[in-house]
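The following dialogue concerns the reading of salt bridges, cavities and surface patches. The sequence and the structure are shown first.

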Amino acid sequence: MRVRIFDTTLRDGEQSPGVSLTPEQKLTIAKKLDELGVDAIEAGFPIISDGELQAIKMITSANLSAEICGLARTNKKDIDVAVDSGLNYIHTFIATSDTHLKYKLKLSRDEVLTQAIEAVEYGKSRGLQVEFSAEDATRSDREFLKKVFSEVTRAGADRIDIPDTVGYSTPQYIAEITKDAIEATKLPISVHCHNDFGLAVANAISGIQAGAQCAHVTINGIGERAGNASLEELVMSLQCLQFNQKYETGIKTELLYDTSRFVSKLIGMPVQPNKALVGENAFGHESGIHTHGILNNPLTYEPISPELVGRKRWLQVGKHAGIHGMCAMLEEFGVQPDKEQAKQILDKIKYLGDQGKHITDVELLTIASEIMKERGIKRIVQLTGFSVSTGIGTMPYAFVKLNIDGKDFTATDYGVGPVDASLNAIQKITGKISEVRIKEYVLASISGGSNALCEVTIKVEDAKGNTSSAKSVGEDIVTTSVQAVIDGINRIMLKKLLKEKKIDN
Ligand code: KIV
Ligand code: ZN
């Protein structure tokens, strides 16, 4: 069965506390969602502000493949503004639970029913596709809910949505009221599940199994309070888990990770590391037993291949590490300790792990080179020239000269500060050669005073999602940052070349 994906990142998702987007940002996200292959985009709530109206106008004129929808309460003004914003599809809603009727709307059930019918009729008279939502459906009286659904169907609604507004439903209950809705109307049913008890995706799946054809979802599960059902989790569950029937969506799953990061960055809401599928740790392995299994066959400890969602697996050492995983990680950088050296490296890692230390590939390589008495990794990229200029009234500017595999490259660039300008100039060169980008940059002061030592930790990533970290300590923030970036770039390029066997260990 083909499941319709109705994305509400730009409406319910934007209602996340602390999130507010400009019209241009909303348009960029809409284009990303369209590329991802969602069937419908809820672009916003046109009545709420001039900027929102402008954003929706921009999105409706962008010629996207997805259907574009906008939210409207069950009144003429909201619906008229939706029409003015260029929409031909609205999602109109009114609450049906007694709690909302008594404390919010101050309306009787009959009055709510009348408003719902009139709004649907009005929307249809204005030539719109109308999806009707009974807000707080899962806490509404079941008979009343059925009555509302059947009356709005008679009034001409095109789709019915069941919102679990405060995430109060269980998978079993949402299945029951989905069946009620199917009985009350022959229209396609959507489920709109919130995550207050962490059940949003489970509830959405249950609604679909009970006969709903569509799920309202958001990227990274953002939305009011604990958020909505996450698009990536729902889509991948439908595609990969065992059900009585096969489910399909139009989502290009290999774009999921990129879309997740794009949205997270633009809205300024980080994704928790242990978030399913798109969290940093979702395809990371540390413990010896797991890394050993993964190295033999990834199926042992991964339910799906990371590439399916546009990701790469990564291994890390720590106090749970085992010899196989550790040697495999070193091998990625061309480092091959003998048996005794490997044991010593592992002992040191476990010792540091017991002290509560986090060991990145930077520490691993440092420990390995100390024990193996080597001078560190092969350098493909060398910094051969570098200067910055900054001051009041001038835009910070950097010049960088790099030697990459024997060839010289120079670049200049501006930035918001001298570090930014330097990093931009480096990326101008490396971007052309191997598309390495800086994913994380953390600056810490490790001693006090104006001559304090600073520590810069960076994480770089190549176009295929491979990552590598580097750390540098020094007195000058700019030089230390540049050094860390060059080290990170060296590591990632080395890893890549070794993988392609274009270099000897
Ligand atoms: O959660 C909800 O009830 C909503 C409505 C606007 C449908 O988002
Ligand atoms: Zn909602």
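**Reading side-chain contacts, cavities and patches**

K146 is buried, with a relative accessible area of 19%. The model under discussion is predicted.

Q: Why is K146 counted as buried?

A: A residue is called buried under 20% relative accessible area. K146 has a value of 19% and therefore falls in that class.

Q: With which side chain does K146 meet in a salt bridge?

A: A salt bridge requires a side-chain nitrogen of Lys or Arg within 4 Å of a carboxyl oxygen of Asp or Glu. Here the partner of K146 is E183, with an N to O distance of 3.3 Å. This pair links distant parts of the chain, since E183 belongs to helix α7 and K146 to helix α6, 37 residues apart. E183 itself is exposed, at 59% relative accessible area.

Q: Which other salt bridge ties helix α7 to helix α6, and is its Asp buried or exposed?

A: The side chains of D180 and R142 meet in a salt bridge at 2.8 Å, N to O. D180 lies in helix α7 (residues 171-184) and R142 in helix α6 (residues 142-154), so this contact ties together parts 38 residues apart in sequence. D180 is buried, with a relative accessible area of 10%, whereas R142 is partly exposed at 30%.

Q: How many salt bridges does the rule give in total?

A: The count comes to 30 salt bridges. One of them joins D98 and R109, whose closest N and O atoms are 2.8 Å apart. D98 is in helix α4 (residues 98-105) and R109 in helix α5 (residues 109-125), with their positions 11 residues apart in the numbering. Both ends are partly exposed: D98 has a relative accessibility of 38%, and R109 has 30%.

Q: How many cavities of 30 Å³ or more does the structure hold, and what lines the largest cavity?

A: A cavity is a space where a probe fits but cannot get out. The structure holds 1 cavity of 30 Å³ or more, and the largest cavity contains about 40 Å³ of space. Its lining consists of D462, N466, I492, K495, K496 and K499. By class, these lining residues divide into 4 charged, 1 polar and 1 nonpolar.

Q: Which residues form a nonpolar patch on the surface?

A: Y441, L443 and I477 form such a patch, with about 230 Å² of accessible area together. Y441 lies in strand β14 (residues 437-445) and is partly exposed, with a relative accessible area of 30%.

Conventions. Residues numbered from 1 in each chain as written. Chains lettered and ligands numbered in written order. Predicted model: local features only at pLDDT ≥ 70, side-chain atom pairs only at ≥ 80, totals over all residues. Heavy atoms only, no water. Patch = residues over 30% accessible without salt bridge, like charges linked within 9 Å, V, L, I, M, F, W, Y side chains within 5 Å. Areas by Shrake-Rupley, 256 points an atom, 1.4 Å probe, with all protein chains shown as cover. Helix = DSSP H or I, 4+ residues; strand = E, 2+ residues; numbered from the N terminus. Buried < 20%, exposed > 50% of the residue type's maximum accessible area, 1.4 Å probe, protein only. 1 Å grid on protein atoms, 1.4 Å probe; cavity = no way out; pocket = protein on both sides within 12 Å on 5 of 7 lines; lining within 4 Å. Points joined across faces, edges and corners; volume = space filled by probe spheres on them. Nonpolar A, V, L, I, M, F, W, Y, C, P; charged D, E, K, R; others polar.
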